[in-house]
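Colleague: Hi! Could you walk me through this one while I have it on the screen?

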Amino acid sequence: MIYEIEIHTNKEFEIIDITSEVQKIVKESNIQEGIAVVFTKHTTTALIVNENEKRLLSDIEMLLENIAPRGKGYKHDRIDNNAHSHLRAILLNPSITIPIKDGKLELGTWQSILFVELDGPRLRKILVKLCTC
C-alpha cells in the first residue's frame with residue numbers, strides 16, 4: 001500500500017521535518033522489519049536525511065543559493081521563472097529509503113527526514129511505500 005502525506009508550504013524555500021509523519025505511518029502499518037521508501041512527486045522539491053538544526057538548515061539554503069542562484073539567465077526562466085528551483089532539486093534527491101526495525105525507522109541519533117521546498121508556497125504530496133523483508 002502507498003500512503004500519502006500532504007504539506008502546505010509557506011515560503012519559496014523551506015525545509016520541513018516530516019520524520020514524525022513517516023514514523024506514524026510505519027507504526028500504524030504494524031510492519032516490524034522492512035524499508036520505507038519516501039518519494040516527492042514534484043520537480044522543484046526534494047528529500048534529504050540530515051540534522052534538523054536551525055543553523056545547518058540556513059547553511060543548506062545558502063549553499064543551494066550559491067550553487068544555483070536565481071536570475072542567472074537560465075533558459076527555463078522564459079517559461080515560469082523558476083529554473084533555479086529545478087536546478088537545485090537535481091542536486092538533491094526526490095526519494096530516500098530508510099530501514100525499519102522493530103516497527104521503527106532506523107535513523108541515527110541526529111538524522112531526520114527533511115522535505116525541501118524549492119518553489120513555494122504550494123500544496124505538496126509525498127508518497128510513502130512500506131515494504132516488508
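Colleague: Thanks. How much of the protein chain counts as buried?

Modeller: Of its 133 residues, 40% count as buried. Please keep in mind that this is a predicted model.

Colleague: Noted. And which helices and strands should I expect along the sequence?

Modeller: The protein chain has 4 helices and 8 strands. Going along the sequence, the pattern reads β-β-α-β-β-α-α-α-β-β-β-β.

Colleague: What about overall dimensions: what does the C-alpha trace span along its principal axes?

Modeller: The trace covers about 50 × 30 × 25 Å. The radius of gyration is 16 Å, and a compact globule with 133 residues would come out near 14 Å, so the two agree.

Colleague: Good. Let's go to strand β7. Is it enclosed or open?

Modeller: Largely enclosed by the rest of the structure, because 6 of the 6 residues in β7 (residues 112–117) are buried.

Colleague: Which residues sit on which side of β7?

Modeller: S112, L114 and V116 are on one side, while I113, F115 and E117 are on the other, and all of them are buried, so both faces are covered. As background, side chains in a regular strand alternate between the two faces of the sheet.

Colleague: Which strands does β7 pair with, and in what sense?

Modeller: Strand β2 (residues 14–17) pairs with β7 in the antiparallel sense over 4 bridges. Strand β4 (residues 45–50) is also antiparallel to β7, with 6 bridges.

Colleague: Can you give me some landmarks? What stands opposite E14 in β7?

Modeller: That is E117. For β4, you can look at A46, whose bridge partner in β7 is V116.

Colleague: Nice, I'll click on those. Changing topic: which residues make the nonpolar surface patch?

Modeller: L63, I67, L87, I90 and L91 make the patch, which has an area of about 480 Å².

Colleague: Where do they come from, in terms of helices?

Modeller: Helices α2 (54–67) and α4 (83–91) each supply at least two residues of the patch. The most comes from α4, with 3 residues.

Colleague: Let me pick one out. Is I90 buried or exposed?

Modeller: I90 lies in helix α4 and counts as exposed, because its relative accessibility is 65% and the cut-off for that class is over 50%.

Colleague: Now the cysteines. How many disulfides do you count?

Modeller: The count is 0. A disulfide is a covalent bond between the sulfur atoms of two cysteines. The sulfur closest to that of C131 belongs to C133 at 7.3 Å, which is too far for a bond because the cut-off is within 2.5 Å.

Colleague: And from the other end, which cysteine sulfur is nearest to C133?

Modeller: The one in C131, again 7.3 Å away, and C133 is in no disulfide.

Colleague: Are C131 and C133 buried or exposed?

Modeller: C131 is partly exposed, with a relative accessible area of 26%. C133 counts as exposed, at 79% relative accessibility.

Colleague: Last stop: where is N30 found?

Modeller: N30 is in the loop between α1 (19–29) and β3 (33–40). With a relative accessibility of 60%, N30 counts as exposed.

Colleague: How far apart are N30 and D102, in sequence and in space?

Modeller: They are 72 residues apart in sequence, and their C-alpha atoms are 9.5 Å apart in space.

Colleague: Great, thanks for the tour!

Technical notes: Residues numbered from 1 in each chain as written. Predicted model: local features only at pLDDT ≥ 70, side-chain atom pairs only at ≥ 80, totals over all residues. Heavy atoms only, no water. Patch = residues over 30% accessible without salt bridge, like charges linked within 9 Å, V, L, I, M, F, W, Y side chains within 5 Å. Areas by Shrake-Rupley, 256 points an atom, 1.4 Å probe, with all protein chains shown as cover. Salt bridge = Lys/Arg side-chain N within 4 Å of Asp/Glu carboxyl O. Buried < 20%, exposed > 50% of the residue type's maximum accessible area, 1.4 Å probe, protein only. Pairing = 2+ DSSP bridges. Rg over C-alpha atoms; globule rule 2.2 N^0.38 Å.
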